[in-house]
Amino acid sequence: MTYSRAIYLAISMVLLSSVAMAADHVVGDEKGWTVDFNYTQWAQDKVFRVGDNLVFNYDNTKHNVFKVDGKLFQSCTFPSENEALSTGKDVIQLKTEGRKWYVCGKANHCAARQMKLVINVLEEGAPSPSSSAHSIVSSIFGVIMVATIAIATFF
Ligand SMILES: *[C@@H]1O[C@H](CO)[C@@H](O)[C@H](O)[C@H]1NC(C)=O
């Protein structure tokens with residue numbers, strides 16, 4: 001391997017590693033997407049960014065996931081059932097900034113059982129406490145990659 005190719009590879013690795021640091025937010029953590037869980041509280045201390053994923057884990061015989069607008073979120077009324085996500089493990093990539101609303105469309109789960117989540121998605125890569133931890137991790141990873149490639153190339 002030539003010197004310049006090694007450098008090129010190292011730089012690509014560093015760039016890739018920072019892209020791969022977009023966060024996955026598992027909604028409700030280990031509880032998942034279910035009734036009587038306070039998703040307002042869950043979302044409160046989290047930072048959501050364009051490029052991050054929302055992961056909804058749930059029992060798909062009991063629940064589903066509707067992406068709705070603010071009005072439907074308030075009223076808990078939904079589009080038809082077949083527009084819902086219903087795999088039981090839905091991964092939604094956050095593609096645009098702004099407020100996003102998700103609810104369960106089954107029974108009274110939105111209106112009476114707290115199965116509603118509203119988040120505010122920030123632009124990609126703006127500074128925040130949680131992303132600085134990410135960038136430290138990705139920098140360390142990058143340095144290790146560069147060192148590994150340099151060692152592999154020269155020794
Ligand atoms: C959920 O948590 C939020 C924020 O802590 C709080 O304001 C709200 O009252 C809670 N909702 C319920 C139903 O407990």
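This is a short chat about the ligand site and the aromatic rings of a predicted model.

Reader: Hi! Which residues are around the ligand?
Author: Hello! In this predicted model, N38, Q41, Q44 and Q114 are the residues around the ligand.

Reader: How does that shell divide into nonpolar, polar and charged?
Author: The shell has four polar residues, no nonpolar ones and no charged ones.

Reader: And how far is a polar side-chain atom of N38 from an oxygen atom of the ligand?
Author: The two atoms lie 2.3 Å apart. As for cover, the ligand taken alone exposes 360 Å², and the protein buries 40% of that.

Reader: Thanks! Switching to the rings: how many aromatic pairs are there?
Author: The count comes to six aromatic pairs. In one of them, the ring centres of W33 and Y39 are 4.9 Å apart, with their planes at 55°.

Reader: Why is that W33 and Y39 pair tilted?
Author: The planes stand at 55°, and tilted covers angles that are neither under 30 degrees nor over 60, so the pair counts as tilted.

Reader: Are W33 and Y39 buried or exposed?
Author: Both W33 and Y39 are buried. Another tilted pair is W42 with F48, at 6.0 Å centre to centre and 50° between the planes. Both W42 and F48 are buried as well.

Reader: Nice. Which residues do ring pairs link into a cluster?
Author: That cluster consists of W33, F37, Y39, F56 and Y102.

Reader: Last one: what lies over the face of F73?
Author: K116 does, at 4.6 Å from the centre of the F73 ring.

Key:
Residues numbered from 1 in each chain as written. Predicted model: local features only at pLDDT ≥ 70, side-chain atom pairs only at ≥ 80, totals over all residues. Heavy atoms only, no water. Near = heavy atom within 4 Å. Polar contact = N/O pair within 3.5 Å; in protein donor to acceptor, adjacent residues only side chain to side chain. Areas by Shrake-Rupley, 256 points an atom, 1.4 Å probe, with all protein chains shown as cover. Nonpolar A, V, L, I, M, F, W, Y, C, P; charged D, E, K, R; others polar. Phe/Tyr/Trp six-rings, centres within 6.5 Å; stacked < 30°, edge-to-face > 60°. Buried < 20%, exposed > 50% of the residue type's maximum accessible area, 1.4 Å probe, protein only. Lys NZ or Arg CZ within 6 Å of the ring centre and 35° of its normal.
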